[in-house]
Amino acid sequence: MVGFKYTLCVLLLTMVTGMAIAQNNTNSPYTRYGYGDLSDQSFGNSKAMGGIAFGLRDGAQINPLNPASYTAIDSLTFLFEGGVSLQNMNISGGGVKLNVKNSSFDYLAMQFRLHPRIAMSVGLLPFSNVGYSVSDVQPNDDQTLNTYRNFSGEGGLHQMYAGLGVKVLNNLSVGVNVSYLWGDIDRTRTINYNVSNVYYHEQTSGVSVSDYKLDFGAQYRWDISKKKSITIGAVYSPKHKIADRYNVITQMKTVSNSGGVSIVSSNSLNPDATLELPNTFGIGFTYNYDKRLTVGADYSLQQWSKAKFGVNGADEAIRKEFDETYACGDRHKIAVGAEYIPNLIGRSYLSHVKYRLGAYYTTPYYKINGKSAAREYGVTAGFGLPVPRSRSILSISGQFVRISGQEPTFVNENIFRVSIGLTFNERWFFKRKVE
């Protein structure tokens, strides 16, 4: 058994190395805007249930999306959980089709009791991802000189959190996560021409983030009968400024007939900038029957339209580029999900497997030319597989995501993602008696 525990720990620690190789784990052109693609921060069981989390209360798995859920853990349990994802993305638009494959680090966290009414969780997870390279050609009226443009970007934000959940009453818990956000996002725009010995323009802008974030949560459990219960959950994250470090490097270069590149001029600016996170509200519920069937639904609103984005001390072209990049609208998400366990005391292995299913709908927060860019639809399914001779769980889920552009010129994306999570669950605080 000791060797088995060591094996689980090694597997989880191996997962975290995925973060080092997954800095650019997306190729979506939509990550050109805002902070990029906002990461799905749900853990193994939640991912397979459409991402529901606000009313989800499971003492065997971690749920950082509502810190009030931490109090569901019992006093003898220590949880250690990690996850990774693999995805295949098909991008189409403007007569162009592209297929890309990516891997990503999803989360690494632990949870334990501090007091009969207080529990704590600490974890590491991505917040957003940026990774794209888009090119186009703009012919001039006389067809003698074409303008080639390339837009590329990379980076993202990471989040480390420490949270507490407190059981105020027997059926009421509240919680808070205090997070440290950090990361860099770099974007480059290049414009050149199809003739030799000409100038071309290259502009690189970068945002550096190093700040904190607060998330509050509450859960109330109502026991309808001995076998039936409903848990109602709510979360809130206040609006907060997270960055003012913004730099822009503009260079004029020339290319000779031999292909050599020379820098003709270079200019670096560090204008005053404001970048915020929005107010976020969420509410959800789960219905549980006999500890075998759980169904639930969530709704969340991120008020990106009220978050402030602006830059001062720069010329009109830089301000225009900044305003286009950080044009945002409110993000709504609706999710539904279910989990079913055939028989808690059954003898067969399959009777203990957790079968999960879900779906969600999201309006992404970025805008293009002042219009909402896309709509996102997803269906999910998966299993929670008990690890033999332990209380640990291997969670495997599949997600199909459709991102539909709202204008004919916007791209469409089809994504199939497989997520694997391992929850190490053992009674580490159990005192054994030796006679």
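In which strand is the place of M110? In this predicted model, M110 belongs to strand 3, which covers residues 96-115. With a relative accessible area of 30%, M110 is partly exposed, because that value falls between the 20% limit for buried residues and the 50% limit for exposed ones. Beyond the residues up to four places away in sequence, M110 touches I62, F78, L79 and F80 on the one hand, and M120, S121 and V122 on the other. The C-alpha atom of M110 is separated by 8.8 Å from that of G82, a residue 28 places away along the chain.

The protein chain as a whole has 435 residues, of which buried residues make up 47%, and its secondary structure comes to four helices and 22 strands. When contacts between residues at least 6 apart in sequence are considered, 68% of them join residues that are at least 24 apart. The chain exposes about 21000 Å², and carbon and sulfur atoms supply 58% of that area.

In soluble globular proteins, nonpolar side chains tend to be buried together. The largest nonpolar core of the model has 47 residues, and those with the most contacts inside this core are Y30, Y35, I242, L275, W304, F309 and F322. Apart from it lies another core, made up of 10 residues, among them Y70, I73, A119 and Y161. The surroundings of Y35 can be followed in detail: once neighbours within four places in sequence are set aside, the partners of Y35 include I242, L275, W304 and F309, four residues that are also listed with Y35 among those with the most contacts inside the largest core. Y35 is further in contact with S128, N129, V130, L157, I185, E276, L277 and Y365.

A search for enclosed space gave three cavities of 30 Å³ or more. The second largest cavity has a volume of about 160 Å³ and is lined by 16 residues, with R187, T188, S205, E321 and T325 lying nearest its centre. Strand 6 (172-193), strand 7 (199-223) and helix 4 (316-325) each supply at least two residues of this lining. By class, the lining of the second largest cavity consists of seven nonpolar, five polar and four charged residues.

Among the charged residues considered individually, K354 is found in strand 17, which covers residues 354-362. K354 counts as buried, because its relative accessibility of 13% is under the 20% limit. Leaving out residues up to four places away in sequence, K354 touches the acidic residues D58 and E339 as well as Y340, I341, G382, F383, G384 and I393.

Two aspartates were examined in loops. D40 has its place in the loop between strand 1 (37-38) and helix 3 (44-47), and at 33% relative accessibility D40 counts as partly exposed. Apart from residues up to four places away in sequence, D40 touches K47 and Q399, while the C-alpha atoms of D40 and D106, which are 66 residues apart along the chain, are separated by 8.1 Å. D244, in turn, is placed in the loop between strand 9 (240-243) and strand 10 (245-255), and it counts as partly exposed at 41% relative accessibility. With neighbours within four places in sequence left aside, D244 is in contact with P271 and A273, and the C-alpha atoms of D244 and N270, 26 residues apart along the chain, are separated by 9.6 Å.

Backbone geometry was also examined in loops between strands. K291 lies in the loop between strand 13 (280-289) and strand 14 (293-302), and its phi angle is near 60 degrees, a positive value in a residue other than glycine. A positive phi, again near 60 degrees and again in a residue other than glycine, is found for R389, which lies in the loop between strand 20 (374-386) and strand 21 (393-405). As to accessibility, K291 counts as exposed because its value of 63% is over the 50% limit, and R389 is likewise exposed, with a relative accessible area of 66%.

How values were computed
Residues are numbered from 1 along each chain as its sequence is written. This is a predicted model: local features need pLDDT of at least 70, side-chain atom pairs count only at pLDDT 80 or more; totals for chains, interfaces and linings use all residues. Side-chain values use heavy atoms; hydrogens and water are left out. Buried means under 20% relative accessible area, exposed over 50%, partly exposed in between (1.4 Å probe, protein chains only). A nonpolar core is a set of buried Ala, Val, Leu, Ile, Met, Phe, Trp, Tyr and Cys residues joined through side-chain atoms within 4.5 Å. Contact means heavy atoms within 4.5 Å. On a 1 Å grid over the protein atoms alone, a cavity is a set of points where a 1.4 Å probe fits but cannot get out, and a pocket is an open set with protein on both sides within 12 Å along at least five of seven lines; lining residues have an atom within 4 Å of a point. Grid points are joined across faces, edges and corners, and a volume is the space filled by probe spheres set on the points. Ala, Val, Leu, Ile, Met, Phe, Trp, Tyr, Cys and Pro count as nonpolar, Asp, Glu, Lys and Arg as charged, and the others, Gly among them, as polar. Accessible areas come from the Shrake-Rupley method with a 1.4 Å probe; for residues, only the protein chains shown count as cover.
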